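Trainee: I would like to learn how to read charged residues and chain contacts in a model. Can we work through one together?

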Amino acid sequence: MTSVADALAQAHRRDWAQVLATTVQVTRDLDLAEECTQDAYAQALRTWERDGIPERPGAWLTRVARNRALDVLRREEALRRRLPLLVSPGTTPGDDRLRLIFTCCHPALSREHQVALTARLVCGLSTADVARAFLVSEPTLAARLTRAKKKIATARIPYAVPPPEALAERLEPVLEVVHLLFTTGHTAPTGPSLIRADLTASAVQLARTLHLLMPRSAPVTALLALMLVTDARSAARVGADGRLLLLPDQDRTLWNRERIAEGVALLTDSLRHHPPSRFSVEAAIAAVHAEAPTWEQTDWAEIVGLYTVLLRLTGNSPVVALNRAVAIGFRDGPAAGLAALEPLTAEPALATYPYLAAARADFLSRLGRTGEAITAYGEALVLTANETERDFLAARAETIRRRGRRADPQPE
Amino acid sequence: MAKYTLLIYGDPAQWEAMTPEQRRAHDVAHEEFRAAAGDRVIGGQELESASTATTLRGFTTSDGPFLETKEALGGFYLLEAHDLDEVLVLAKLLPEVRAGHSGVEIRPVVDHG
């Protein structure tokens, strides 16, 4: 027997976007639709406690939100006529959720506005949660949402799925935003926990929706595959004591095999008829890790090869170059890894990136250059703001410090 | 329907350096834009070069455009369209969108009723 709170939480994750999107069709106004959707969820808490959970919670919520919207509109008919219209009369019937995502990720909106709108309106995350995830204050985020909604209304950004010839270009920001939501949740930029499961779950849900609506889109399939394979390993990333566990130390029996299999099948499908894209190569890298029986048996040559492809696809992204250097270190030994990292230390884009210092520290310590390794761990510690990562780095530095002392000749 | 201005910015030196053939190709592109936009175009002019501009700031009159930037406002269209996507499709026909030194800014016009 599910509790009302559980059912509501599930309905929030699964149905928020659909309820909101259907309500926008009635109100033609994002703010009003959002208010009515919130009201419907509040109403559900009261009604479901009393009458039990309806068979189709999503349909129930949609009906209540729509009715609420119609009530408000009837009362404010005069006002409504003056509200900016969101719906173009020429829109063909299609999926409301898809329209909502494409509106929130319209290229005329800045990336930060796209992310804020998508997280708030399509994922239904609270303003406080979105602000926390993206390291801005709540008033800043609220102002950002207001500005973005104002631009949608005054510039008349249409509430529509773009025509086929514009789809590729318009899909790109949508995928970028969904991916950003996922990576932000995968390693929370700040705060006590490593993973923000609410964000990763919303992002996976969103990618599933996109895949359901555009099953033949190779980039959509690849992004969903990437997120499933990555997310499948999340239970093993933090130990029982809350400490960060890297791939070699993870208990691979905790990996969700079903999700990995689903992700790999999707990846195979996306690669069947299409050239590799950034997301499909990233998914392939994640799949090589997921399918290795042990850390030692990881196919590092394959991973280095995939990173080389990714480097080309991303226009020599410094972060990809860093990951490739680390993979070289595992394929050819720490000295080779350190040599591959060396040119990146002059890269301005990585100057404040904690993983460069952390990777150098790891190779230095494997080479027995303890003093330099401790310095590098110190650099990484200064640069990371996630507490789980900080604890991990501090523990690593402490371990090699102690090991270094033990190695010193001790007087009997 | 809503009104939009398409503000065309570019480097005046490069505009002035156009050869007669380039100038003709440029004009043809604008004709194509106007043909595609049809009666959605409700106004628009090419402006004299930024060096002919006069700026008023407070009570001070001075020579030159309002902002001393490399790209100056070179002309504008006033369009009436249903939504931003409709304007974007048309605006992509403007030659200034393709030239490296110039660009087009789209701004909704305030509806004072």
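**Charges and contacts**

Mentor: Start with one arginine. A:Arg233 sits in the loop between helix H11 (218-231) and helix H12 (257-272) of chain A. Keep in mind that this is a predicted model.

Trainee: Is A:Arg233 buried or exposed, and what is the nearest side chain of opposite charge?

Mentor: A:Arg233 is buried yet has no salt bridge. The nearest side chain of opposite charge is A:Asp231, 9.7 Å away. A salt bridge needs a nitrogen-oxygen distance within 4 Å. Look to the backbone instead. A polar atom of the A:Arg233 side chain lies 3.2 Å from the backbone oxygen of A:Ala286.

Trainee: Which residues is A:Arg233 in contact with, leaving aside neighbours within four places in sequence?

Mentor: They are A:Leu247, A:Gln250, A:Trp255, A:Ala286, A:His289 and A:Ala290. A:Ala286 thus appears in the contact list and as the backbone partner.

Trainee: Now an acid. Where does B:Asp11 lie, and is B:Asp11 buried or exposed?

Mentor: B:Asp11 is in the loop between S1 and helix H1 (12-16) of chain B. B:Asp11 counts as buried because its relative accessibility is 7%, and the cut-off for buried is under 20%. The B:Asp11 side chain reaches the backbone nitrogen of B:Ala13 at 3.1 Å. Beyond residues up to four places away in sequence, B:Asp11 touches B:Lys70, B:Glu71 and B:His101.

Trainee: Why does A:Arg74 count as exposed?

Mentor: Use the accessibility again. A:Arg74 is exposed because its relative accessibility is 60%, and exposed means over 50%. A:Arg74 belongs to helix H3 (residues 57-75) of chain A.

Trainee: How many salt bridges does a search of the whole structure find?

Mentor: The search finds 33 over all chains. Take a pair within a helix. A:Asp96 and A:Arg99 form a salt bridge, with the closest N and O atoms 3.9 Å apart. They are separated by about one helical turn, because they are three residues apart in helix H5 (residues 96-104) of chain A. A:Asp96 is buried at 13% relative accessibility. A:Arg99 is buried too, at 4%.

Trainee: How far apart are the closest N and O atoms of A:Glu282 and A:Arg278?

Mentor: They are 3.2 Å apart, in a salt bridge. Both residues lie in helix H13 (residues 278-291) of chain A, four residues apart, about one turn of the helix. A:Arg278 counts as partly exposed, at 25% relative accessibility. Salt bridges can also share partners. One such network joins A:Asp31, A:Glu34, A:Arg120 and A:Lys149.

Trainee: Let us turn to the chain contact. How is the size of an interface often given?

Mentor: It is often given as the accessible area lost when the parts come together. Here the area buried between chain B and chain A is about 800 Å², and carbon and sulfur atoms give 53% of that. In chain B, the residues losing the most area to chain A are B:His82, B:Leu84 and B:Asp85, together 52% of what that side buries. The contact takes 10 residues from chain B and 12 residues from chain A.

Trainee: What is the count of salt bridges between chain B and chain A?

Mentor: The count is two. In one of them, A:Arg170 meets B:Asp85 at 3.4 Å, N to O. Five residue pairs are in polar contact between the chains, both residues being at pLDDT 80 or more. On the chain B side, strand S1 (2-10) and helix H3 (84-91) each give two or more residues. The largest share, three residues, comes from H3(B). By type, that side divides into six nonpolar, one polar and three charged residues.

Notes
Residues numbered from 1 in each chain as written. Chains lettered and ligands numbered in written order. Predicted model: local features only at pLDDT ≥ 70, side-chain atom pairs only at ≥ 80, totals over all residues. Heavy atoms only, no water. Contact = heavy atoms within 4.5 Å. Buried area = accessible area lost by both parts, 1.4 Å probe. Polar contact = N/O pair within 3.5 Å; in protein donor to acceptor, adjacent residues only side chain to side chain. Nonpolar A, V, L, I, M, F, W, Y, C, P; charged D, E, K, R; others polar. Buried < 20%, exposed > 50% of the residue type's maximum accessible area, 1.4 Å probe, protein only. Lys, Arg positive; Asp, Glu negative; His and termini not counted.
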